[in-house]
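Me: I should like a close look at a single part of this model, set in the context of the whole chain. Please state the cut-offs behind each term.

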Amino acid sequence: MNRRKREKADSRTSCQSLSMYGRIFIECSTHGCFKTAPNTARQPTSHYNERLTSAKERNLLLYLTRKAEFAASHSYHNPDLSPEENRRLFGKCNNPNGHGHNYVLEVTVKGEIDPRSGFVVDLKQLKETMHREVLDAMDHRFLNKEVPEFLTRIPTTENLAVAIWQRLAPKLTNAKLHRVRVYENHDLFVDFYGEE
């Protein structure tokens, strides 16, 4: 038996005998070293945090998406066009009383994993930001008259995605906004990735 195998065998023997005294030994698969931990809880070796740090150093980006729903109504109308042109261009969507949708919003952020938490972003903070900036402002609203962005802009799904991006992007600190997806209904959605 060579010297290295003998030392490893001796280490295992001493670990087994010491485990009777309320300690367990965890072998690190990377280096073959041992770390003691209380019998009640297995603790990761110090190499665990080293692996997270090295992953961060390689700039691994992860993408996290949070989904929310809101209901709103809108009407498509361009004041620079005649009533006939508006009706021809927008059809039923030109109804001055509006029509409603149950929108589905997906907000995707990107970032590196925080080695302390294992998260890309604080999910509670992201949820609160989405509620404050989007849902509280747009849910059960007539977009044309109750949301400032659409007093001068036609509230299409495309413009809605851009407006939501502009509301959210400056408010996110730990992760960067990657994509805003807005579903107008189950078979129609718009993606906005910011101004590239």
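The reply below concerns helix 4 and its surroundings.

Reply: The model is predicted, so that local features need pLDDT of at least 70 and side-chain atom pairs count only at pLDDT 80 or more, while totals for chains, interfaces and linings use all residues. Residues are numbered from 1 along each chain as its sequence is written, and side-chain values use heavy atoms, with hydrogens and water left out.

The protein chain holds six helices and seven strands, where helices (H or I, at least four residues) and strands (E, at least two) are DSSP runs numbered from the N terminus. Their order from the N terminus on is α-β-β-α-β-α-β-α-β-α-α-β-β. Of the 196 residues, 34% count as buried, that is, under 20% relative accessible area with a 1.4 Å probe and protein chains only; exposed is over 50%, and partly exposed lies in between.

Helix 4 comprises 16 residues, 123-138. From its first C-alpha to its last it reaches 21 Å, close to the 22 Å expected at 1.5 Å a residue; the expected span is 1.5 Å times one less than the number of residues. A kink of about 40° is centred on His131, the bend being the angle between axes fitted to the seven residues ending at a residue and the seven starting there.

The buried residues of helix 4 are Leu126, Thr129, Met130, Glu133, Val134, Leu135, Ala137 and Met138. Their cover includes strand 3 (62-74), strand 4 (99-111), strand 5 (141-142), helix 5 (143-146) and helix 6 (157-168).

Thr157 belongs to helix 6 and counts as buried because its relative accessibility is 2%. Leaving aside residues up to four places away in sequence, Thr157 touches Tyr76, Tyr103, Val182, Glu184 and Val190, a contact being heavy atoms within 4.5 Å.

Helix 4 also bears on the largest cavity, whose lining includes Gln125, Leu126 and Thr129. A cavity is a set of points, on a 1 Å grid over the protein atoms alone, where a 1.4 Å probe fits but cannot get out, and lining residues have an atom within 4 Å of a point. The structure holds one cavity of 30 Å³ or more, and the largest encloses about 50 Å³; a volume is the space filled by probe spheres set on the points, which are joined across faces, edges and corners. Val121, Asp122, Lys171, Leu172, Thr173 and Asn174 are also among the residues lining this cavity.

Terms used
On a 1 Å grid over the protein atoms alone, a cavity is a set of points where a 1.4 Å probe fits but cannot get out, and a pocket is an open set with protein on both sides within 12 Å along at least five of seven lines; lining residues have an atom within 4 Å of a point.
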